Amino acid sequence: MKYLLIMLACLLPVASFAGEAQDMAADPVLEKRMIGLAENLRCLVCQNESLASSHADLAEDLRREVREQMQKGLSDQEIIDYLVSRYGDFVLYDPPVKRTTLVLWYGPFVLLLVGIGMLLFQLRKRRSRVMDMELTDEDVRRAAELLNQTAETAQTADESAGIKKDPKA
Amino acid sequence: MMRFILPFVVFMIMAAFMYVGLNLNPHEVPSPLVGRAAPAFTLPQLHEPSKQFSPQDMKGKVWLFNVWASWCTACEHEHPVFMDLARKNIVPIYGMDYKDQRADGEAWLRKHGNPYVLVVSDAEGRVGIDYGVYGVPETYVIDKQGVIQHKQIGAVTPEILDEKILPLIRELQAK
């Protein structure tokens, strides 16, 4: 009996969400279409949430509005136009390409091109700098000296480790 | 030298953009309704529900349409500005009690004073949607032809009233 009561108590929070679920019951197909549309629309009150996920009062009203317009047989595009005419392009998560949104749409590509251009320019400059380096006689002598030195130390190290080297090599 | 100038210039450009960005208010969404006819509606009045009001009744007059609610705290801050403006008799102010209980709206006006010529009640918020209301208070300046000339999102402060709204009203009244 006690366990039954505990299990019932666990169900309580679910019951408290029933208020939200009730709109779903009416017409699941329409509800799915509404949520699909609302996911691409911005809630104006909590601007980083979609109309589908927002719990703001206005979002609930707008979902009701969208639902009613769908029942009237309006197309998705007509409903989007209806909302845009009231709240502006801001409600769209996918803003239309316009003169004012050109930077938004193409800015990143311009920046990418500028970046690639600068990278190529730098690489070319670096390559020419490397090619321009010429060794003087002094450099050659120093390099040879350093190489001999390491060769000798390597040899002594090998000998002390008891490795015999083929003298012809 | 170029090695230092170029990053510095890039940094300054970015800093300038960010500085401007910091001062922008993302909650101020430019309304597509400015420059268009105020959406028509017919709503019952708050104090006399049997009587109705619609914006067509206001043709030929410049008027302010203020959307408020008793649950809205920013409305309390802005309210003295309208009380003051109403006393000066410059422009008629009409109110819309947005998504509110009638009794609450009336009580709020009794407590804070009533600057409105009349108040309509939009209990379900449908007219609010037509006007693109997304955060009360919002205030519309509507001209003699019934065209929305300005939308103020958020509370009207004395500065906004003196610098933006009143000059616009005078200009529209002179037309």
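Author: Helix axes are lines fitted to C-alpha atoms over the stretch in contact, and angles run from 0 to 180 degrees between N-to-C directions. This is a predicted model, where local features need pLDDT of at least 70, side-chain atom pairs count only at pLDDT 80 or more, and totals for chains, interfaces and linings use all residues. Residues are numbered from 1 along each chain as its sequence is written, while chains are lettered from A and ligands numbered from 1 in the order in which they are written.

Reader: What does the packing angle make helix 3 of chain A relative to helix 4 of chain A?

Author: Helix 3 spans residues 28-38 of chain A, and helix 4 spans residues 57-71. Their axes are 10 Å apart, at an angle of about 125°. Angles under 35 degrees are roughly parallel, over 145 roughly antiparallel, 65 to 115 roughly perpendicular, the rest oblique. Therefore helix 3 of chain A is, to helix 4 of chain A, oblique.

Reader: Which residues of helix 4 of chain A make the contact?

Author: The crossing of helix 3 and helix 4 of chain A is right-handed (the near helix is turned clockwise from the far one by less than a right angle). Helix 3 of chain A contributes Leu30(A), Arg33(A), Met34(A), Leu37(A) and Ala38(A). Contact requires C-beta atoms, placed from the backbone, within 7 Å. From helix 4 of chain A come Arg63(A), Val66(A), Arg67(A), Met70(A) and Gln71(A).

Reader: What separates the domain centres of chain A?

Author: An automatic or database assignment sets the bounds. Domain 1 covers 22-91 and domain 2 covers 97-132 of chain A. Over C-alpha atoms, their centres are separated by 40 Å.

Reader: What is the radius of gyration of chain B?

Author: Chain B has five helices and seven strands (DSSP runs: H or I, at least four residues; E, at least two). The globule rule (2.2 Å times the number of residues to the power 0.38) gives 16 Å for its 175 residues. Chain B is well over that, so it is more spread out than a compact globule. Its radius of gyration, taken over C-alpha atoms, is 20 Å.

Reader: Is Lys99(B) buried or exposed?

Author: Lys99(B) sits in the loop between strand 4 and helix 3 of chain B. Its phi is positive, near 45°, though it is not a glycine. Residues with 20 or more other C-beta atoms within 10 Å are buried, those with 12 or fewer exposed, those in between partly exposed. Lys99(B) has 20 such neighbours, so it counts as buried.

Reader: Which residue forms a cis peptide bond with Val136(B)?

Author: The partner is found in the loop between helix 4 and strand 6 of chain B. Omega is about -5° for this bond, which joins Val136(B) to Pro137(B).

Definitions and conventions
Two residues are in contact if their C-beta atoms, placed from the backbone, lie within 7 Å.
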